[in-house]
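Visitor: I should like to learn how side-chain features are read from a model. Please begin with the rule and then turn to the case.

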Amino acid sequence: MTGTFGELLREYRIAAGLSMGQLAKRIHYSKGYLSKIENGVKPPHDSMARLCDGELGAGGALLAAARSARESAVTVDRRQVLVAGTVLGVTLAGGPRPVPDERVVIGIRTTFEHLRSLGMQTSPVVVLESLAAQVQMLGALAGENPEPTRSRLLLLAARIAEYTGWMQQEAGDDQRALSWTRTAAELAVAGGDHEISSYAFVREAGLALYRHDPIATIELARRAQQAGPAGSRVLALAARREAQGHALAGDRSEYERALDRALFHLDAAGTVPSAYPVLGSTAPDPIGLARGWSLCDLGRPGEAAELLDRELTRLLTDSRRTRARFGVRRSLAYALAGEVEQSCRTLTETLEDAAQVDSATIRLDLRELARNVGRWHNHASVREVYPKLRRVLHQRG
């Protein structure tokens with residue numbers, strides 16, 4: 001079999017007896033996206049090529065074709081800059097500009113860090129437009145500049161695109177969240193970093209976790225650990241997500257094994273400063289928080305509440321989104337343990353944070369909490385907190 005990656009993919013797909021829709025479902029991409037790959041509208045990226053190669057039994061042929069396509073694209077800087085597709089199909093007005101120096105790049109990153117800090121304290125809709133504009137601006141600047149500036153700008157754009165995907169999920173738009181996550185992976189590959197391609201699977205596993213789909217959560221988290229070169233931090237976050245999937249499935253032994261791997265990789269990652277914004281949770285102990293979350297799914301809510309009580313004291317006051325997420329989870333754990341007074345007391349402490357960050361994912365746990373405390377609707381504490389809880393649940397109509 002010879003030809004472009006898209007032609008080769010089509011040949012292997014037909015030989016396997018799969019329709020485009022069937023293959024798209026197996027590799028967790030849309031049929032439309034796969035069609036663009038097969039027809040040469042979009043270039044393949046490494047993680048997508050690996051999935052297709054494995055599903056179609058291509059024995060590495062598709063991976064080799066994808067690498068060949070990337071190597072050919074390197075000779076045309078502007079084409080590689082726009083590998084993320086139409087999202088970055090923009091240019092800056094006003095003609096050529098000087099090559100951004102170190103202070104300019106640091107300034108752009110600082111602006112993003114301010115937006116990320118704001119995103120931890122308020123509604124995602126406040127920051128989404130600015131984040132998207134930063135990604136487009138960086139893509140356009142990258143298209144105007146030579147190496148190594150081009151790659152630096154693309155990699156910074158990739159980190160911002162990844163966070164934009166997270167904010168889209170928090171805003172309740174899972175499709176846009178997925179699109180931004182994949183754009184981040186493509187930008188990173190264009191800039192010479194394949195790590196976000198692995199982390200993209202962690203983010204997709206997070207979407208599956210909130211859908212209460214343990215099988216997809218586990219599968220996607222494992223793909224993150226197998227998809228390609230990834231640093232210890234990404235491997236830790238992937239194993240952590242896998243552990244949450246096993247807990248959701250009720251498999252305590254596999255949960256413990258995955259969590260042990262997460263701890264091992266997190267220790268190996270250390271605290272070495274990164275040239276780019278850090279991926280994933282910035283909490284002091286993301287593994288401890290995940291353990292508190294998962295114990296609830298494993299039917300041990302009393303232990304979960306006790307652990308989350310301790311972990312929440314370690315979070316900074318400006319980490320409102322994280323405090324709201326795990327604070328609500330703690331109140332849910334108390335309710336499931338039958339400690340309704342404690343559930344209502346801790347929920348009262350958390351509701352203001354939950355209202356401020358306006359998170360679609362946090363509201364999922366709030367709805368579950370409302371169903372559980374509703375069983376004690378005559379309890380004085382429930383009657384007091386329930387109207388406040390309902391206001392947060394319906395604050396966006």
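Guide: A charge sits over a ring if NZ of Lys or CZ of Arg is within 6 Å of the ring centre and within 35 degrees of the ring normal. Here the charged end of arginine 329 sits over the ring of tryptophan 293, 4.1 Å from the ring centre. The model is a predicted one, in which local features need pLDDT of at least 70 and side-chain atom pairs count only at pLDDT 80 or more, while totals for chains, interfaces and linings use all residues. Residues are numbered from 1 along each chain as its sequence is written, and side-chain values use heavy atoms, with hydrogens and water left out.

Visitor: How many aromatic pairs does a search of the whole structure find?

Guide: A pair of aromatic rings is described by the distance of the centres and the angle of the planes. Rings of Phe, Tyr and Trp (its six-membered ring) pair if their centres lie within 6.5 Å; planes under 30 degrees apart count as stacked, over 60 as edge-to-face and the rest as tilted. The search yields three aromatic pairs. One of them joins tyrosine 210 and tryptophan 293 edge-to-face, at 6.0 Å centre to centre and 85 degrees between the planes. Tyrosine 210 belongs to helix α11 and tryptophan 293 to helix α15, so this pair ties together parts 83 residues apart in sequence. Helices are DSSP runs (H or I, at least four residues), numbered from the N terminus. Tryptophan 293 also forms an edge-to-face pair with phenylalanine 326, at 5.8 Å centre to centre and 70 degrees between the planes. That pair links helix α15 with helix α17, across 33 residues. Tyr210, Trp293 and Phe326 thus form one aromatic cluster.

Visitor: Is tryptophan 293 buried or exposed?

Guide: Buried means under 20% relative accessible area, exposed over 50%, and partly exposed in between (1.4 Å probe, protein chains only). Tryptophan 293 counts as buried at 5% relative accessibility, and phenylalanine 326 is buried at 6%. The helix around tryptophan 293 can be read likewise: 10 of the 12 residues of α15 are buried, so this helix is largely enclosed by the rest of the structure. The cover over the buried residues of α15 includes α11, α13 (232-249), α14, α16, α17 and α19 (360-373), where contact means heavy atoms within 4.5 Å. In α11, 16 of the 16 residues are buried.

Visitor: What is the span of α11 from its first C-alpha to its last?

Guide: The expected span of a helix is 1.5 Å times one less than its number of residues. With 16 residues, α11 reaches 24 Å, close to the 22 Å expected. For α15, the end C-alpha atoms are 17 Å apart, which agrees with the 16 Å its 12 residues should span.

Visitor: How many salt bridges does the count come to?

Guide: Side chains of opposite charge can pair when their charged atoms come close. A salt bridge is a side-chain nitrogen of Lys or Arg within 4 Å of a carboxyl oxygen of Asp or Glu. The count comes to 34 salt bridges. Among them, aspartate 193 meets arginine 159 at 3.5 Å, N to O. Aspartate 193 lies in the loop between α10 (174-190) and α11 (195-210), and arginine 159 in helix α9 (residues 149-170), 34 residues apart. Both aspartate 193 and arginine 159 are buried. Aspartate 285 and arginine 314 also meet in a salt bridge (3.5 Å, N to O); here aspartate 285 is partly exposed at 21%, and arginine 314 is partly exposed at 43%.

Methods: Helix = DSSP H or I, 4+ residues; strand = E, 2+ residues; numbered from the N terminus.
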